[in-house]
Amino acid sequence: MAREDIITGIDIGSTSVRVVCGQIKTVRDHQEVIQIIGAAEAETEGVSKGVVTSIEDAVASMSAAVEKCERMTGVPIEDALVSVNGVHVTAQQAHGVVAIAKANGEVGEDDVARAIESAQSISTPPNYEILHIIPRSFTVDHQTNVKDPIGMTGIKLEVDAQIILGMTAQVKNITKAVYRTGVDIRDLVFSPLASAESTLTKRQKELGAAVIAIGGSTTSLAVYEEGDLLYTSVLPVGSGHITNDIAIGLRTSVDVAEAVKRQFGTMMPEHVGKHEEIDLATIDASEKVLVSRKEVAEIIQARVDELFAMIGKELKSIDRFAKLPAGMVFTGGGAKMEGLVDHAKEYFKTSASVGVPQHIQTPIEKIQDPSFTTAIGLVLWGANASASMNMRNSSSNFSSVAGVTGKIGKWVKSFMP
Ligand SMILES: Nc1ncnc2c1ncn2[C@@H]1O[C@H](COP(=O)(O)OP(=O)(O)OP(=O)(O)O)[C@@H](O)[C@H]1O
Ligand SMILES: [Mg+2]
């Protein structure tokens, strides 16, 4: 197996590190697909709310997952796309202007690159790094809202872009930890953008949709419209907070509470019989208590409602509450809570579904799961970036993945320590 064909994604979550290896395969009619050939996970230590709190522990967790994945594929992992998550990541609007270089006034790739570069030179707040520059639209002289200006004629080229920034210290800690596992970083990708990559279709992004990733200690959202990223945000609340509330409510350990949540949890207390009981001894023999399943459901519902209120506030801030034609896609391990999506439909007055990885082929069943969407999204991101390198002079493109991502991938600034 040629190792240069392998694209690896490492998703550093606060509950699990997930490593996924994929390959670009050409099938009939020169169509290309991404085949996932390896996937592994390991419990995370040393990461909280997306931020590294102990480099040593983070390195150990990452190494464990990387080694497991290497054993599965038989190929050493040399480089990877790595997720960046956390409330420290913010987005900013930027504008770039350049004079079109050619004497005949035709916009070339160089002009586009310079325009983006000039947008990048906005005053980055001190202690922040640019993770992504995502061009939204171009203006050639007076023609606004141009998606692809190459080949057009004019004097002045302008770009409106979204710049995603991460705090230098946090970004450095992640890169340091990854390098210490012996893996090079091909790119750093803001976590919700990777999740969107594997869960949203091009059409959903065109129509207007949001992906909400409910992780262990964070919930991240990315909203798309007209094919472009409109808004992103990371909330410091995740499904782990539900577990903690159950542990407090039932006066039991976090491990027992976690098992109760996964096996008996539901968002619909009204569907649970008054006398339905959970025997904690089936989870932990030392816990000789019966607890009410309705009470557990009520705890879960209270927490999820709190989270939904926070998500709702974000959507209201951009005037998209109940205004997303292609609805909301819930992903991340927390999206597996029974009844969550049905409740979301009512709460957000929109269509909603659970996001599982799309745009891939794989014999590995366990990754057809919401908790693997970020890691798989990283692989898709990498595949798109390499496809866009030769997009203009070859037919290489992934029809199933939004075209805009190639554009993003190409201009991503990779951060080296
Ligand atoms: N079947 C299930 N039902 C309900 N919740 C679940 C289920 N399976 C996993 N979870 C929850 O999903 C959460 C972990 O999700 P995920 O693996 O996506 O998080 P992460 O990526 O490690 O964290 P983060 O994105 O916050 O850094 C945990 O809180 C776990 O309890
Ligand atoms: Mg996550």
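# A tour from the ligand outwards

Start by selecting ligand 1, which has 24 residues around it; the closest are Gly13, Thr15, Gly215, Ser239 and Gly333. Keep in mind as you go that this is a predicted model.

**Stop 1: the shell around the ligand.** Colour the shell by residue class and you will find one nonpolar residue, 19 polar ones and four charged ones. Now show the helices as ribbons. Helix H6 (239-250) and helix H7 (254-264) each give at least two residues to this shell. We will follow both of them, beginning with H7.

**Stop 2: Val256.** Select Val256, a residue of helix H7. Is Val256 buried or exposed? It has 20 other C-beta atoms within 10 Å, so it is buried, the cut-off for that being 20 or more. To see what surrounds Val256, leave out its neighbours within four places in sequence: the contacts are then Leu280, Ile283, Asp284 and Glu287. You can also draw a C-alpha to C-alpha distance from Val256 to Thr282, which gives 10.0 Å for two residues 26 apart in sequence.

**Stop 3: H6 against H8.** Go back to H6 and add helix H8 (residues 293-317); the two axes come within 9 Å and cross at roughly 140°. Angles over 145 degrees would count as roughly antiparallel, so H6 and H8 are oblique to each other. Their crossing is right-handed. For the residues that meet here, select His241, Ile242, Asp245, Ile246 and Gly249 on the H6 side, then Glu295, Val296, Ile299, Ile300 and Arg303 on the H8 side. By class, this contact between H6 and H8 has five nonpolar, two polar and three charged residues.

**Stop 4: past the end of H8.** Move on to Ala322, in the loop between H8 and strand S17 (328-331). What is the phi of Ala322? The value is about 60°, positive even though the residue is not a glycine. With 11 other C-beta atoms within 10 Å, Ala322 is exposed.

**Stop 5: H1 against H3.** For another helix pair, select helix H1 (residues 55-73) and helix H3 (residues 168-180), whose axes come within 9 Å and cross at roughly 50°. That angle makes H1 oblique to H3. The crossing of H1 and H3 is right-handed. On H1 the contact is made by Ile55, Ala58, Val59 and Met62, and on H3 by Asn173, Lys176, Ala177, Val178 and Arg180. Sorted by class, the residues of this H1 and H3 contact are six nonpolar, one polar and two charged.

**Stop 6: Asn127 and Pro135.** Finish around strand S8. Asn127 is found in the loop between helix H2 (109-120) and S8. Here is another positive phi outside glycine, with the Asn127 value near 70°. Asn127 has 11 C-beta neighbours inside 10 Å and therefore counts as exposed. Then step into the strand itself: Pro135 belongs to S8 (residues 128-140). Pro135 counts as buried because 23 C-beta neighbours fall inside 10 Å. As a last distance to draw, try Pro135 to His95: the C-alpha atoms are 9.3 Å apart in space, while the residues are 40 apart in sequence.

Conventions:
Residues numbered from 1 in each chain as written. Chains lettered and ligands numbered in written order. Predicted model: local features only at pLDDT ≥ 70, side-chain atom pairs only at ≥ 80, totals over all residues. Near = placed C-beta within 6 Å. Helix = DSSP H or I, 4+ residues; strand = E, 2+ residues; numbered from the N terminus. Nonpolar A, V, L, I, M, F, W, Y, C, P; charged D, E, K, R; others polar. Axes fitted to C-alpha atoms, helices over the stretch in contact; angles between N-to-C directions. Parallel < 35°, antiparallel > 145°, perpendicular 65-115°, else oblique. Left-handed = near helix turned anticlockwise from the far one by under 90°. Contact = placed C-beta atoms within 7 Å. Buried ≥ 20, exposed ≤ 12 C-beta atoms within 10 Å, placed from the backbone.
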